[in-house]
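Grab a pencil and work through these short exercises with the structure beside you. Each task comes with a worked solution.

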Amino acid sequence: MDNYLLETIICPVCNNKLEYDTNLKELICNRDFLAYPINNGIPILIDIKARKVFSN
Ligand SMILES: [Zn+2]
């Protein structure tokens, strides 16, 4: 995933910066605990497409 792109990507729900999970290949919002999928290199920044994750 492109670093420049990653730094410009924010959560559409809370405008927080997203973290890229290299194992799951998802973009994580640590504020909403949402994981956005990446489809063919394109982040799907739509909240209804996001998966709920839990912080530890
Ligand atoms: Zn968020």
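**Exercise 1.** Work out how the donor residues of the zinc ion are spaced in sequence.

*Solution.* Start with the spacing, which reads C-x2-C-x14-C-x2-D. Next, put names to the letters: the protein donors are Cys11 (SG), Cys14 (SG), Cys29 (SG) and Asp32 (OD), at 1.8 to 2.3 Å from the zinc ion. Donors here are N, O and S atoms within 2.8 Å of the metal (3.2 Å for Na, K and Ca); water is not among the atoms, so sites may look incomplete.

A word on the ground rules: this is a predicted model, where local features need pLDDT of at least 70, side-chain atom pairs count only at pLDDT 80 or more, and totals for chains, interfaces and linings use all residues. Residues are numbered from 1 along each chain as its sequence is written, and side-chain values use heavy atoms, with hydrogens and water left out.

**Exercise 2.** Find the salt bridge and say which residues form it.

*Solution.* First, search the whole structure: 1 salt bridge turns up (a side-chain nitrogen of Lys or Arg within 4 Å of a carboxyl oxygen of Asp or Glu). Then look at the partners: Glu26 and Arg51 meet through their side chains at 2.7 Å, N to O. Finally, check exposure (buried is under 20% relative accessible area, exposed over 50%, partly exposed in between; 1.4 Å probe, protein chains only). Glu26 is buried at 11%, while Arg51 is partly exposed at 39%.

**Exercise 3.** Are Cys11 and Cys29 buried or exposed?

*Solution.* Apply the cut-offs from the previous exercise: Cys11 and Cys29 are both buried.
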